[in-house]
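Here is a look at a protein model with more than one chain, written for someone new to reading structures. Keep the 3D view open as you go.

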Amino acid sequence: MLGRSPAPPTKEKKPSGFSMLLLHVHPRMVPAEALAFTRTCGLGGMAVVLLVLLAGTGALLLLGYEPSVERAYGSVLSLRETAVGGFVRNIHFWSANGLVLVAFLHLLRVFYTGAYHAPRRFNWIIGLLLLALVLGSNFTGYLLPWDQLAFWAVTIGTGMLEYVPLVGPALEAALRGGADVGPKTLSIFFVLHIAILPILGAILAAFHFWLVRKGGGVILPRPSGQGPAPRPSLVPTSPNLVFREMVVALVLIAGVLLAAAGFDAPLLVQANPGMSPNPAKAPWYFMGIQELLVHLHPAFAVLVVPFTAIAFLAWLPYLRYGEVPSGLYFHSATGRRTVLVAAGTALLAIPAGILVNEYVLNLPKLLPSLPPAVSNGLLPVGILALLVLGFFALIRRRYAASRIEAVQAMFTLMVVGFVVLTVIGVLFRGSGMRLSWP
Amino acid sequence: MEQEEAAALEAKDKNGASRRDYLRTAWKALGLVAAAEFATVLVAYLWPRAKGEGEQGTAVVEAGPVAEFTPASVTAFPRGRFYLARLADGGFLALSSRCTHLGCTVPWNDKTQTFPCPCHASAFDMTGNVLEPPAPRALDLFPVRIEAGVVKVDTRSRIQRQRFERSQVTYL
């Protein structure tokens, strides 16, 4: 460490083996500023803890689970009858659901602190891929108990592929291992869930952590236009950072164990291909898409809209913003205001749009001469796109927002919109997927 | 000796390429060939087999004598995954029970005379026509034959259609 007075050698304690392992992930010294909890809210670390819990309980579950259509459901049932089998399964379930939530919040934190610009640019893309792997792992794990929920969620989920142009039907058949969800699908999802996705995830996660260090660690608050950052005052990682990480990890583990002890992972009756449950709902993290499917032509609900959103997310770090402040939540006072405006707009506009579509304006019925892909797809999505562009112009003009502030508002509009769709799908859809009170 | 060999490897020909460059390119090309081979084996292994024996609903189902089905009624055949609809005019239609939206199984509701899909709120009428979106097209059909007064449904060939037409109905 240049510029620091060397400590007398007698006081220097040799780090323990455990600290040395952690020092492979962290640098030996970290900026004192980086220790504040609100810098990251500990979300990346929480994701790691959940991954460890998932790997451990997953290995235990493998000992009891039998991946065949005849025995899968029974093996999960008998697992629940043993003393701690159900508890282990519950930990796996709650960790998996928690991981989706934590990964999503981590994405929000990284975005709103502006930690996706160079030199962290590529790590944003790796992070998006990891999020896709987390969702993929959750989805493949969903099928394994072979209950009604599993069967129909996966029938719907893989059925969406049919609307991908050209290769869609072939992809769907390849993923299902046949025309319908059946024994082959279970084998394929089992292998994806316990081998392929975890291996890819481990490789990408290692890459992710390495890029965090390459990017200079946690982003620190620096207002723009203040020249090069002052040299940060450094403190030893162990115990300063390690101790704080342990606290977060222990609190999180306690929370997961409490949830697992108090609330059982769902298990419906055994899968019955002849009868869809009513209502048949996807897992909560896909309910946003399912809500879109109620309103739009499937080609738009599963392809055009989600892929536009993913392209927008992947494109974010490669836009030109000029000089921007780093590490400040929402960048500026204008940024904070425009984010609030965007969030408020989505909170009002999405439920209003859903109510209008449900009770007032049914485009395919109004325009029966047009093909449904136009009346229920191109037309509403086109109108939506115009409204979004109008909103962008409004933010730029009315609030004199800089480019990054306007992009931030668009991101907020999209994310809050998706959350609203998810909440409506989970809570406000009853029998026959009609709107109802929870 | 070793230095001489290394020098020989680095020596450039008149195009500016050395033996080392040549070997490196050769290795890359071989690597690509190997990768392509592995990919081919993987795809061939995972390619779904053609629809064959062992799958559900792959045979001709004998639904029963014509007189068993009253006009303007719908009878479920869960094993064959279809409904036999006898229209008011006495014609027969075999409707697949698979929703054309995302593949959920639609139940028949006698009270409303519709097939309401429980997954995304689509609805179909007795002829399979779409009453409520998001389903993009009418329920698929299976060919119906009437032989010696017995209704038979061939569940091997699924017929996709946009909407109901008279020509799709089988009469006595």
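## A walk through chain B

Let's start small: B:Ala123 stands opposite B:Glu132 in β7(B). Bear in mind that this is a predicted model. The strand pair in question is β6 (residues 123-124) and β7 of chain B, which run antiparallel and are joined by two bridges. Zoom out a little and you find an open sheet of three strands in chain B, in the order β5-β6-β7, with antiparallel pairing. Its edge strands are β5 (115-116) and β7 (130-132), each of which pairs on one side only. What holds strands together in general? Strands of a sheet pair through backbone hydrogen bonds, either parallel or antiparallel.

Now move to another set of strands in chain B. Here are three pairings, side by side.

| Strand pair (chain B) | Sense | Bridges |
|---|---|---|
| β2 (residues 73-77) and β3 (residues 82-86) | antiparallel | five bridges |
| β3 and β4 | antiparallel | five bridges |
| β4 and β8 (residues 141-142) | antiparallel | two bridges |

You can spot individual partners too. B:Ser73 has B:Arg86 in β3(B) as its bridge partner. B:Tyr83 is matched with B:Leu95 in β4(B), and B:Leu95 also stands opposite B:Leu141 in β8(B).

The hairpins are worth a peek. Between β2(B) and β3(B) there are four residues, and in this hairpin B:Arg81 takes a positive phi near 55 degrees. The hairpin of β3(B) and β4(B) has five residues between the strands, and there B:Gly90 takes a positive phi near 95 degrees.

Is strand β4 of chain B mostly covered or mostly open? Mostly covered: five of the five residues in β4 (residues 92-96) are buried. In a regular strand the side chains alternate between the two faces of the sheet. In β4(B), one side carries B:Phe92, B:Ala94 and B:Ser96 and the other carries B:Leu93 and B:Leu95, and all of them are buried, leaving both faces covered.

That brings us to the inside of the model. The largest nonpolar core has 68 residues, and those with the most contacts inside it are A:Ala150, B:Leu84, B:Ala94 and B:Cys104. Helix α7 (residues 148-159) of chain A gives the most to this core, with seven residues. Apart from it lies another core of 21 residues, including A:Leu99 and A:Val256. As a general point, nonpolar side chains in soluble globular proteins tend to be buried together. Leaving aside neighbours within four places in sequence, A:Ala150 touches A:Tyr142, A:Leu143, A:Leu144, A:Pro145 and A:Ala271.

How do the chains meet? There are 20 residues of chain B in contact with 28 residues of chain A. On chain B's side of that contact you'll find 13 nonpolar, four polar and three charged residues.

Finally, step back and look at chain B as a whole. Chain B is divided into domain 1 (2-46) and domain 2 (60-168), and the C-alpha centres of these two domains lie 61 Å apart. B:Gly31 sits in helix α2 (residues 19-46) of chain B. Why does B:Gly31 count as exposed? Because B:Gly31 has 10 other C-beta atoms within 10 Å, and a residue is called exposed if that count is 12 or fewer. Compare its position with B:Phe69: the two are 38 residues apart in sequence and 66 Å apart in space, C-alpha to C-alpha.

Conventions. Residues numbered from 1 in each chain as written. Chains lettered and ligands numbered in written order. Predicted model: local features only at pLDDT ≥ 70, side-chain atom pairs only at ≥ 80, totals over all residues. Contact = placed C-beta atoms within 7 Å. Nonpolar A, V, L, I, M, F, W, Y, C, P; charged D, E, K, R; others polar. Buried ≥ 20, exposed ≤ 12 C-beta atoms within 10 Å, placed from the backbone. Pairing = 2+ DSSP bridges. Domains from an automatic or database assignment. Core = buried A, V, L, I, M, F, W, Y, C linked by C-beta atoms within 7 Å.
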